[in-house]
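Hi everyone, thanks for coming. Let me put the structure up on the screen so we can walk through it together.

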Amino acid sequence: MEKSRRREKLAVSLLFGLLLPCCLAQTTPSNTATRTPTRIPTTSSSPQTERLRVRLSGYPRKHNEGRVELFYKGEWGTICDDDFAIANANVLCRQLGFVEATGWTHSAKYGKGQGKIWLDNVQCNGGERSIDSCKSRGWGNSDCTHDEDAGVVCKDERIPGFVESNVIDAQVDEKQIEEVRLRPVVATARKKLPITEGVVEVKYKDGWAQICDLRWTIKNTHVVCGMLGFPHERKVNKNFYKRLKKRAAEKVSRPKVNVSAGGRLYLERQKNHFHVHSVACVGTEIHLAACPLEFSKPNATSSCEGGMPAVVSCMPGPLFIQNGLKKKPKISNNVRLKGGAKLGEGRVEVLKDNEWGTVCDDRWSLQSASVVCRELGFGSAKEALTGARMGQGMGPVYMNEVKCVGQERSIWNCPFKNITSEDCQHVEDAAVRCNVPYMGVEHSIRLAGGRTRYEGRLEVLSLDSNGTLSWGLICGETWNTREAMVACRQLGLGYANQGVQETWYWDSSNVTEMIMSGVKCTGNEMSLSQCQHHKTVSCQKAAAKFAAGVICSDTASDLVLNAPLVQQTVYIEDRPLHMLYCAAEEDCLSKTAAQANWPYGHRRLLRFSSQIHNIGRADFKPKAGRHSWVWHACHGHYHSMDIFTHYDLLSGNGTKVAEGHKASFCLEDTDCEEGVSKRYECANFGNQGITVGCWDLYRHDIDCQWIDITDVKPGNYILQIVINPNYEVAESDFTNNCMKCNCKYDGHRIWLHNCHIGDAFSEEAERRFEKYPGQLNNQIPSINQQ
């Protein structure tokens, strides 16, 4: 026992001496809490006196990320993802010579390793100098499979003074495939985006090389198409390409004969050697690099004898379809993505019994994510995200431990576990980032004058009357949040934080001409060119300082109303007029209240509580700064927003029969989820807002938390509540801002049922709920208009 302790002390002292350079960079241990393991962990100190070797491996990846592999007892092995946390990743990244970790991955994101699984249930506090100083089950003691291999993502910044790199990159050499593209041969195909057919080329050294088509299969094509953002593949007319190759070869033997562009392309490619001789994908791979590859030998006289460059043809999804295709592919109507900033990303939601719910992230993998992506008309998955990275959903969690192989047509065809609310919470909602086709939309828009790359005056590219490109400005008169959402998406800069109508403070460009006006977007478009706009520019304020601008952000808030609480707390109150002076002053009563015999009589009020959650990834804060908030002496508080919610009662044909509005009396954190601290409080002129993971509760017994139904006759109605109705504050998703309930009023009592968020039901269920589209404005027609 004493010898063992001395040996451990010796190993620790040697490791301290060898790892001293690591201490030159300051690092902060992570606060991330780790789950209590099922077994008592032990310290896994290596008996080796030499430094523990660590490497990053797997595909596809960059140099600062990958599957973690450890060299122990002469053999490379992996680490299981059980109990893995950011603290472990920090230790490993510092061992590899990077300053810190920015993330970690589970479920073999970078592919499954081979050989031993050396460590399991690893628990570091973040300050250890080596992973073998952390607690674990001990070397080689694991109950995992390589499906659970852990990976890390390190910050791309080296530790100062870290001379000897511990990155053992045996696989990072010329025989590595990272980038793949399609090179169109037919001239007309080169002018259209997306490119759906062409020669497969891989990045090689400073250029591009081809793949020999000998033994090329449709499964290889399936993988390539998925990488390029396409859900399906099509059969290639190989005879066409063979004839093209033959004609080009014949013409080359006669120098005076002009060779077609397609022919020249083939001949140029023939001069270069083929980088990859053969590919043998099974069809479920996420990346071509994950397929068995045979590389061409450098000294071979002919690396593709009897073959030609591999050519593939892909079928785009409906969003990227080209005109002229006879058969348009269908996409799923029982799976959707929510909360993402870019096309092809978001929280995964599935439809069951006409209600949408989420997927738990336990064992969430790239294969399962790819099935979702292809099902929705995109390519394979680029990332399988966990931990509600695209915001938390509402309602049920339907699936857990989804285990797709990758060939399934729908996530519903994959094995999964049915779960209860105790098994998974919405903080574990799974999300995806899918490969999407390259459309080039980011090249026709740019920002100018901003302090950071996320803000500035918008400049767009268009053709002038002479048919030449010049940059121009967008009129800011109708510019708002939804237009800014599309601009930020097109720029690839995430969510819109704000749409700006005056940009005089960003005046640093010589572009002064307005070339676009009257822009009106729904918020879902890929580019501003898809939004409505004037055919001829019409802008009253045509000076450059009134051009549109944006402030973009990586994150955004997302407000959702607690629908069941509204249904549970509803009641009717006949409130005396002498108690409603403040409410009348703040316009919280119907118009007929002005003709009432004040202070006698009463008003009949439909009262309920509303609890508004922020399930997004950024705090919800009023657009206006506190210097412009309005003090209301009657209620003794500041209003930070003019209108925060609309409360409306609708008849069966969609006409408003009663209305109310809710100025944001004060936005604050009433309560929060476990582990989340309150940030906003209205008292003493405090900051207003709603923190991520918190909610603002407006109790049924406070002023203006009602609809005045004094003039409403008995009948069946729809109660509709809309949060942030004027899109004043940017959110990641506006489709869940509306809540509706069926309402029955008999003149004395009131009942609410089927209360739900606007996008919580299937289209069929929503049609049954109401036969008319809900209104999102708050205007009641005058008597003459009805």
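I'll talk about the nonpolar cores, then one helix, then a single threonine. Keep in mind that this is a predicted model.

Okay, cores. The largest nonpolar core has 36 residues, and Leu606, Phe644 and Leu649 are the ones with the most contacts inside it. Which elements give two or more residues to this core? There's one helix, H8 (563-569), plus strands E29 (559-561), E35 (645-650), E40 (715-723), E41 (738-745) and E42 (750-757).

Let's look at Leu649 for a second. Leaving out residues up to four places away in sequence, Leu649 touches a whole list of residues, including Leu606, Val657, Ile707, Leu719 and Cys743. There's also a second, separate core of 27 residues, and among its members are Leu337, Leu376, Cys404 and Cys414.

Next up, helix H7, residues 481-491. Is H7 largely enclosed or not, and why? Well, 10 of its 11 residues are buried, so the rest of the structure largely encloses this helix. The buried ones include Glu483 and Arg489, along with Met485, Val486 and Leu491. And what do the buried residues of H7 pack against? Four strands: E23 (445-448), E24 (455-463), E26 (495-500) and E28 (549-553). Just after H7 you'll find Gly492, with a positive phi of about 75°.

Last stop: Thr105, which sits in strand E5 (residues 101-105). Buried or exposed? Thr105 has 8% relative accessibility, so it counts as buried. Not counting residues up to four places away in sequence, Thr105 touches Tyr110, as well as Asp149, Ala150, Gly151, Val152 and Val153.

That's my tour, thanks!

Note on methods
Residues numbered from 1 in each chain as written. Predicted model: local features only at pLDDT ≥ 70, side-chain atom pairs only at ≥ 80, totals over all residues. Heavy atoms only, no water. Core = buried A, V, L, I, M, F, W, Y, C linked by side-chain atoms within 4.5 Å. Buried < 20%, exposed > 50% of the residue type's maximum accessible area, 1.4 Å probe, protein only. Contact = heavy atoms within 4.5 Å.
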